[in-house]
Every structure is written in structure tokens, then in C-alpha cells.
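Please find below a colleague's note on the model under review. The points are numbered for ease of reply.

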Amino acid sequence: MDAAQKSKVDELHAAGYDVSYADPVSAFVGHGGCDSDEWINKIVLGPNGDGDFHEGDPHAVCIAFAGVGQTCLSREAFHPNNAGTTGYEHVVEAALTSIGYTGT
């Protein structure tokens, strides 16, 4: 997916669009779901809010637990946690700085 995203950005840039690509992969090394400093959630059960999967949603993965009933895999699963979103922030800041963006 990373290569496809970079390819699309290169294609758009060649067509005259003012776009750039920032690769977050190296920033996440050592911060996976099984590392001591996790930036990525492992399995998270939900629902954890209105926008999360609920029992009966067409794309929800739900499991029945004895005495608990149905619970669904949350949209938060395998996505960045708070530390991970900060990690992404630093990647984007560095990319913006490297292209001379000043926020004006």
C-alpha cells in the first residue's frame, strides 16, 4: 500500500499538482503492537462510540462471549493510538519543513 500511495503522489506531482509524499514506516519501527512502546493498537473490542462497529453492521466482525453476549471488533483495532498519532504528526511536520512550508 505504501508503494501505491507514493506512486500516486508521484503521478499527481508529475501532472502539476503541488503534492508531496511522507513515509511514516521508519518512524514506527520499534513501536508496533507487540513492542514495549506501542504506537499501534492490537485487537480492540467495541463498540467504543457511535462511529464504531455495532452488532448487525454489514462489515462488523462480532464474536459471542459466554455471559457477555455479542461484542464487535472496534475500528480502533490495528490503528495508531495517541502516541502513534503524535508519531505521524512528527513525520508530517518534517515533510512540511523539508518542502519549505511555513504555514502561511
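Is Phe78 buried or exposed? Phe78 is exposed, at a relative accessible area of 53%. Here buried stands for under 20% relative accessible area, exposed for over 50%, and partly exposed for values in between, with a 1.4 Å probe and protein chains only.

1. Basis of the note. The model is a predicted one, in which local features need pLDDT of at least 70 and side-chain atom pairs count only at pLDDT 80 or more, while totals for chains, interfaces and linings use all residues. Residues are numbered from 1 along each chain as its sequence is written, and side-chain values use heavy atoms, with hydrogens and water left out.

2. Overall fold. Three helices and three strands are found in the chain, and their order along the sequence is α-α-β-β-β-α. The radius of gyration is 18 Å, well over the 13 Å that the globule rule gives for 104 residues, so the chain is more spread out than a compact globule. That radius is taken over C-alpha atoms, and the globule rule is 2.2 Å times the number of residues to the power 0.38. Along the principal axes, the C-alpha atoms fill a box of roughly 55 × 35 × 30 Å. Helices (H or I, at least four residues) and strands (E, at least two) are DSSP runs numbered from the N terminus.

3. Burial, surface and contacts. Of the 104 residues in the chain, 19% are buried. The accessible surface is about 7500 Å², and carbon and sulfur atoms account for 58% of that surface. Accessible areas come from the Shrake-Rupley method with a 1.4 Å probe; for residues, only the protein chains shown count as cover. Among contacts (heavy atoms within 4.5 Å) between residues at least 6 apart in sequence, 47% join residues at least 24 apart.

4. Charges. The chain carries 4 positive and 15 negative charges, and the mean positions of these two groups are 7 Å apart. Lys and Arg count as positive and Asp and Glu as negative, whereas His and the chain ends are not counted. Each charge is placed at NZ of Lys, CZ of Arg, CG of Asp or CD of Glu.

5. Salt bridges. The whole structure contains three salt bridges, each defined as a side-chain nitrogen of Lys or Arg within 4 Å of a carboxyl oxygen of Asp or Glu. One joins Asp10 to Lys6 at 3.1 Å, N to O; both residues lie in helix H1, four residues apart, about one turn of the helix. Another joins Glu11 to Lys8 at 3.2 Å, N to O, and these partners are three residues apart in helix H1, about one helical turn. A further bridge links Lys42 with Glu38, the closest N and O atoms being 2.7 Å apart. Lys42 is partly exposed at 43% relative accessibility, and Glu38 is partly exposed at 28%.

6. Asp52. Which side chain of opposite charge is nearest to Asp52? The nearest is Arg75, at 4.7 Å; Asp52 is buried yet has no salt bridge. Asp52 lies in the loop between strand S1 (45–46) and strand S2 (62–65). Apart from neighbours within four places in sequence, its contacts are Gly46, Pro47, Asp57, Leu73, Ser74 and Arg75.

7. Ser74 and the cis bond. Ser74 is placed in the loop between S3 and H3 and is buried at 3% relative accessibility. Beyond neighbours within four places in sequence, the contacts of Ser74 include Gly46, Asn48, Asp52 and Phe53. The C-alpha atoms of Ser74 and Val61 are separated by 8.6 Å, with their positions 13 residues apart along the chain. The peptide bond from Gly46 to Pro47 is cis, with omega near 5°, and Pro47 is in the loop between S1 and S2.

8. Loop residues for inspection. Phe78 has a positive phi of about 60° although it is not a glycine; Phe78 lies in the loop between strand S3 (69–73) and helix H3 (82–98). Asp18 is found in the loop between helix H1 (2–14) and helix H2 (25–28) and is exposed, with a relative accessible area of 76%. Asp18 and Ile63 are 45 residues apart in sequence and 45 Å apart in space, C-alpha to C-alpha.
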